[in-house]
Amino acid sequence: MSALAFTAPPPSRYISLVDRARPTPDDDVVNAFVNGDESALKHLYDAHSRLVHSYCRRVVGADLAADVTQEVFIAAWKSRDRFRPDQGTLTGWIMGIARFKAIDATRARARRPQLVDEHAPEVADDPTDADDLALRMLLTDALQHLPERARQMVELAFFEDLTHTEIAERTNQPLGTVKSDIRRGLERLRRNLEGFDAARA
Amino acid sequence: MRLELDELTDDAAERAAFEQIAVILSATTPEDVATDDPPADLWDQIVARLRDETATADTSVGGGAEATVTSLESRRNRNLSRYFMATAAAVLVVVAVGALVVNRTSTGGTELVASTDLGLLAGGGAGSAQLVQRADGLHVVVDVSNLSPAERQDFYELWLLAPDGSNPQSLKKFTASSGQIDVPVPAGVDTSSFPVVDISEEVDDGDTSHSGKSILRGTLS
């Protein structure tokens, strides 16, 4: 992997600007949701509506984004029995649902005769694009919700091209801490991808 | 991008997942940060729709007069229906109370987080800024009076800056020399990292970056 030369974007400039105030649903809320506790849906909506809506806007366009967002949360509620906390994060799972709903809406739009299409979707109605975008937005979001130190180290490794040793020097942490933080951070991101994949099942 | 995955894991599946993460993150752009809240009434719409659907389900259950066994699903639906009706009632109460408070103090549902007077740097005018927390998030509310530019100007622009005055984040363009500007803080902007409120004069030259010509400035605290 280290041989792969990625063009590193400058995300530390913008990613660190992201509002980290969003509460990450804790295990209690997730369990309550799965068990059909309706108040948990409100928690999930508060925690994810910005992410879902932002994604929908980019796939289906601003005019349909709110409608599709609504579909996503209704679908999440109705299919809550199918969510398995051991198969990934709820955030990933909800984004997996969002991907389906956004692609559905794009196809439905394509079937409708258009008058003047002033609000053309910003993303082509290509499921691969919608997929890639969902994963990018999901991981961008998930990265922001890592514990602060782990987030910082993952960003230094990914975006600033630092070695673990350099990160240890930069953050004044032992090398072992750097490795374990990065590994735990990546494992957490992986759980989001797993949740996303679980929504396809 | 440098990833020393060999140092992190021996597990092939985990390694593959980490590589996938690296590929995805390396393709991210600033646009991939979620910044778009849905319309404020969307949650109410979701509540209303679920309530309608469950009410319909209840009707169909009740319609079968001989049905003496209530299915788990219908019971759940009824609970849901009750919940959402209760929620809707609670929302109405909150709205009613909120309206009263707003009428009385005009600050209902709004919490002052920080404020500052805006000092004059160039041109003319005066102003003050508040950072307020509302139900839908943080807003910057700026009052300005008698703004006048130091040089030729097409519009003014409200910014948030880092403490050292760098990295301007555009909030709003405006033209009125007196009045109130009320804008939500963009989701991507952490006001603790961007506490400086700045008003600049701008020329409509296609360059959307800060002109470097600030008229008023103050640090929220």
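Buried here means under 20% relative accessible area, exposed means over 50%, and partly exposed is anything in between (1.4 Å probe, protein chains only). This is a predicted model, so local features need pLDDT of at least 70 and side-chain atom pairs count only at pLDDT 80 or more, while totals for chains, interfaces and linings use all residues. Residues are numbered from 1 along each chain as its sequence is written, chains are lettered from A and ligands numbered from 1 in the order in which they are written, and side-chain values use heavy atoms, with hydrogens and water left out.

**Figure 1. Chain A is built from nine helices and zero strands.**
Helices (H or I, at least four residues) and strands (E, at least two) are DSSP runs, numbered from the N terminus. Going along the sequence, the pattern of chain A is simply α-α-α-α-α-α-α-α-α. Of the 201 residues in chain A, 55% are buried. Take the contacts (heavy atoms within 4.5 Å) in chain A between residues at least 6 apart in sequence: 71% of them join residues at least 24 apart.

**Figure 2. Here is where chain A meets chain B, with 55 residues of A in contact with 53 residues of B.**
Between them the two chains bury about 5,500 Å², 61% of it on carbon and sulfur atoms. Buried area is the accessible area (1.4 Å probe) that two parts lose on being put together, summed over both. The interface also holds 17 residue pairs in polar contact, both residues being at pLDDT 80 or more. For such a contact, a pair of N or O atoms must lie within 3.5 Å; within protein, one must be able to donate a hydrogen and the other to accept it, and residues adjacent in sequence count only if both atoms are side-chain atoms. On the chain A side, helices H1 (11-15), H3 (38-60), H4 (62-78), H6 (127-144), H7 (148-159) and H9 (175-198) each supply at least two residues. H3(A) gives the largest share, twelve residues. By type, the chain A residues touching chain B split into 27 nonpolar, eleven polar and 17 charged. In that split, Ala, Val, Leu, Ile, Met, Phe, Trp, Tyr, Cys and Pro count as nonpolar, Asp, Glu, Lys and Arg as charged, and the others, Gly among them, as polar.

**Figure 3. Seven salt bridges link chain A and chain B.**
A salt bridge needs a side-chain nitrogen of Lys or Arg within 4 Å of a carboxyl oxygen of Asp or Glu. Over all chains, the whole structure has 21 of them. One pair is B:Arg49 with A:Glu71, whose closest N and O atoms are 3.0 Å apart. This pair crosses from helix H2 (residues 42-63) of chain B to helix H4 of chain A. Both ends are partly exposed: B:Arg49 has a relative accessible area of 23%, and A:Glu71 comes in at 31%. A:Arg50 and B:Asp37 also pair up through their side chains (3.0 Å, N to O).

**Figure 4. Helix H9 of chain A takes part in a salt bridge to B:Glu7 and another within chain A.**
A:Lys179 and B:Glu7 meet at 3.1 Å, N to O. That pair runs from H9 of chain A to the segment before H1 of chain B. A:Lys179 is partly exposed at 24% relative accessibility, as is B:Glu7 at 38%. A further group, A:Arg58, A:Arg136 and B:Asp32, is joined into one network by salt bridges that share partners. Back in H9, A:Asp181 forms a salt bridge with A:Arg149 (2.6 Å, N to O). A:Arg149 sits in helix H7, so this pair ties together parts that are 32 residues apart in sequence. A:Asp181 is buried, with a relative accessible area of 5%, whereas A:Arg149 is partly exposed at 37%.

**Figure 5. B:Glu14 is a buried residue in helix H1 (residues 12-26) of chain B.**
Its relative accessible area is 6%. The side chain of B:Glu14 makes a polar contact with that of A:Arg183 (2.7 Å). Leaving aside neighbours within four places in sequence, B:Glu14 is in contact with A:Arg183, A:Glu187, A:Arg190 and B:Thr9.

**Figure 6. Strand S4 (residues 155-161) of chain B has seven of its seven residues buried.**
Both faces are covered, with B:Phe155, B:Glu157, B:Trp159 and B:Leu161 on one side and B:Tyr156, B:Leu158 and B:Leu160 on the other. Strands pair if DSSP finds at least two bridges between them. Seven bridges join S4(B) to the antiparallel strand S7 (residues 196-202) of chain B, where B:Glu201 stands opposite B:Tyr156. Strand S5 (residues 169-174) of chain B is also antiparallel to S4(B), joined by five bridges, and there B:Lys173 stands opposite B:Glu157.
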